[in-house]
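Welcome, and thanks for taking a look at this one with me. Here are a few notes on the disulfides to read alongside the model.

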Amino acid sequence: MAYNFRKIVLFFSLTLNVVLLISTATAQTCEGKCGEKLDMCSCQSTCGSLGTCCADLKQFCLDISPHSGSLLGGTDFILLNRVFHQSDTILCRFKATAETEGHVDAGGMGHCISPLLYETGWIPFEVLINGVTKGWGTWLSVHHSKLAPRFKITLGNATQWQYYGTPNTGGTLHITWNSSLIYTDKVNVELWGYNETGEQYSESWTAEWQYLYSVGKAVPNTGAFSFVPNPAADPYWRWEMGSMRVSPSSNTDGRRDVNAVWNGAHALAWHLEQAFRADSARWATAKCLAWDATEERLPDFLSEVPDCPCTLVQARADTGRFHTDYGCDMEKGSKCTYHPGSVHCVRAIQASPKYGAGQQCCYDSTGAQVLTGDSTGGSTPDRGHDWGSPPYEKPPRIPGLSHWKYDVLSFYYCCLWSDNCQYYFKHRPSSDCRTYMPPQAGTLAQATRLSSVAMRENTSDVIEVRLSASPNTLEVLRNQEVLSFAEQSWMDLQGVFVFSATAENVTVMFPSGAGVEVRSREATMTATVLLPLEFTNHTRGLLGRMNDDPEDDLISSDGQSFDASQSRPEDLFLFGSTWAISNMTSLFTYDSPYLQDAYLSSPKHDPGFVPAFSLPETPGDPLLSDMLKMCFGNGVSFCKYDTLITRSLRMGNATMRAFQSHAALTKDLTPVVSCGFLAAPARGEKEGWVYLEGAELTFSCPRGQVLFGSQQRTCQESGEWSGTDTHCVSDNMQGIILGSVGAITALVTLLAAITFYNRRLKREREEKRNETVTFTL
């Protein structure tokens with residue numbers, strides 16, 4: 001639906017109790033009360049702009065820098081706004097379980113070291129000074145593949161590392177890192193191994209992360225190191241995946257949770273046993289067959305992962321359920337190492353509910369999905385979701401590492417180090433898109449001026465996106481605290497994910513598959529709501545009921561229905577006013593005197609405000625000529641209205657672009673028909689790899705064989721392929737078949753003749769019997 005009505009402020013709101021006590025008193029303390037509002041002052045992050053902070057807020061409620069790092073640990077971060085004594089001992093405790101030793105530097109600044117964490121997201125921590133807890137804060141644990149390159153080790157010549165020890169691949173290996181992240185002149189370069197032990201899908205299934213050995217000791221911290229690896233001795237070569245770590249050489253070998261930088265998980269081809277180097281294909285084949293046998297015993301997870309989007313445009317538009325795979329990203333020029341022939345892949349954001357499995361969908365340069373039935377670079381599901389899934393901590397939900405253990409390392413066994421991909425794809429077949437249904441974009445929100453959107457799903461964190469003081473940029477708040485995306489563009493939060501690659505764009509994703517895209521243009525905002533089909537007939541409010549029936553969209557909060565075809569602009573204005581929020585239900589943050597005066601203390605809907613429902617195009621208006629040149633086509637009424645009401649061509653143009661963007665998104669999410677994958681006949685060939693409506697596939701057989709069935713098959717509107725299944729049959733077999741057909745025909749003819757003769761003989765006997773009887777009488 002689209003109404004020429006633009007005077008409703010759009011709010012997404014559920015439930016939040018808001019109490020603001022404005023006070024400059026400083027008699028109370030924030031010790032042990034961070035995030036709370038006290039009687040006479042506040043320990044919440046919003047208190048700064050309101051002037052209500054307790055005097056010791058910064059002393060106990062810690063600010064840190066940096067605020068994020070790899071889940072593998074080792075990041076040294078500073079405790080800001082607090083001075084320490086050289087004699088102080090610092091202990092940093094994360095989630096009340098993991099402890100690391102901090103230190104005081106020469107300038108009196110306190111430092112903590114992040115620990116190994118088998119989870120991502122904001123992790124609470126406390127700081128103990130001389131054995132007593134004296135500070136609280138939160139640390140952002142980040143999936144290693146989502147970590148900015150400057151925070152991790154880079155492996156030089158990834159192909160060499162990947163195939164080291166296979167025929168014609170060897171030599172010197174190189175690594176580089178940001179030397180400023182390690183506060184020492186000498187470092188150790190270590191190898192750590194990862195494994196998962198215990199019975200799968202049982203309480204005994206656990207993760208194991210272990211120091212193996214050093215490849216370099218007390219080497220200069222120049223940010224670069226090279227070495228020639230030798231096959232590892234027993235038992236070290238039994239670790240087949242792991243990570244390189246660079247840490248101060250002053251530590252004992254393999255000491256955990258010290259200042260360090262890692263490269264993330266990789267296959268340890270370069271350190272495997274001599275048997276691998278002697279015959280890597282044979283070694284890998286044995287591993288592939290063993291993995292195949294293991295997979296046969298494990299539960300089937302394929303039935304609970306979602307189908308892939310049918311096209312690349314759908315995959316990129318369905319931002320509530322799918323997100324770019326960092327290993328195959330067309331916008332960053334990724335080489336798609338594990339998906340040759342693909343130009344872009346996405347992953348399902350949510351892991352499957354029971355098994356924590358993931359879905360990956362890859363597309364070629366034409367925008368068609370690549371399937372494993374046609375290419376080794378096809379889409380593959382994952383037993384372990386690459387990004388992990390709550391509650392994390394145990395296999396197969398450990399971010400990155402579980403995925404490498406069960407989905408990537410086996411790909412090396414079967415596809416990269418040996419020619420046995422058929423085993424891998426038997427257990428990791430592509431999902432086509434026959435049951436995929438794209439989400440629906442929320443109806444255009446016709447607002448006076450959208451300046452803030454707040455949202456929550458069930459008990460998730462409250463996310464608010466609002467215009468910031470800087471031009472054309474957005475500010476994101478989590479539970480009323482501003483989030484910084486300076487270090488990371490993706491954040492795993494409680495019951496919600498947030499992605500912001502630039503300050504102008506924010507995408508919020510919820511477990512239900514609902515997504516909200518917020519964009520800033522010309523000092524205003526646009527918001528697009530993406531909802532999966534499960535929301536059909538379950539929405540209400542300013543965006544109407546999601547059922548493609550505009551007649552029941554205009555229902556007030558008290559159940560009153562408005563006739564869309566007969567409603568005047570004034571009626572629409574009245575409809576919108578019924579959905580105004582209250583202070584008790586507001587999710588918004590009122591952290592400035594202006595917001596408190598204009599929104600918290602004022603009516604949420606001003607009955608005295610009467611919008612301009614229409615604006616005439618005055619012939620003498622100096623804007624008219626340029627406006628008519630700019631505003632045309634779909635969305636013209638919105639463009640004209642905003643130009644005239646704001647007296648700004650730039651604003652009108654921003655409105656026009658926003659409308660066009662919404663129309664393009666809606667087009668990209670148009671459902672398409674898929675007939676599903678069709679394989680080539682055994683020993684035959686197939687031309688074509690697109691399986692959508694109108695696509696044609698052509699089948700052929702090699703010389704000496706004949707094609708039985710349909711040579712061409714077309715994907716029909718019904719979702720079914722035309723024609724019949726195809727088979728390749730040899731010429732000799734054809735002769736046998738034809739000979740068999742001739743023999744059968746002759747046999748049938750003979751049987752028919754015998755039957756006819758028997759019937760005739762029987763009739764003649766009956767006739768003779770009748771004659772005899774007559775004669776006797």
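Is the disulfide of cysteine 345 and cysteine 362 left-handed or right-handed?

1. This is a predicted model. The torsion about the S-S bond of cysteine 345 and cysteine 362 comes to about 105°, so this disulfide is right-handed. The link joins distant parts of the chain, 17 residues apart: cysteine 345 lies in strand E19 (residues 344–348) and cysteine 362 in strand E20. The two sulfur atoms are 2.0 Å apart.

2. Both ends of that link are out of sight: cysteine 345 is buried at a relative accessible area of 0%, and cysteine 362 is buried at 0% too.

3. Strand E20 (residues 360–363) also holds cysteine 361, whose partner is cysteine 308, in the loop between helix H5 (280–297) and helix H6 (312–317). These partners are 53 residues apart in the chain, with an S to S distance of 2.1 Å. Here the S-S torsion is about -85°, so the disulfide is left-handed. Cysteine 308 has a relative accessible area of 0%, which is under 20%, so it counts as buried. Cysteine 361 is buried as well, at 0%.

4. Next, have a look at cysteine 328 and cysteine 336, which form a disulfide with sulfur atoms 1.9 Å apart. With 80° about the S-S bond, this link is right-handed. Cysteine 328 is buried at 1% relative accessible area, and cysteine 336 is buried at 3%.

5. For the wider picture, a search of the whole structure finds 14 disulfides, including the links described above.

Terms used
Residues are numbered from 1 along each chain as its sequence is written. This is a predicted model: local features need pLDDT of at least 70, side-chain atom pairs count only at pLDDT 80 or more; totals for chains, interfaces and linings use all residues. Side-chain values use heavy atoms; hydrogens and water are left out. A disulfide is a pair of cysteine sulfur atoms within 2.5 Å. Helices (H or I, at least four residues) and strands (E, at least two) are DSSP runs, numbered from the N terminus. Buried means under 20% relative accessible area, exposed over 50%, partly exposed in between (1.4 Å probe, protein chains only).
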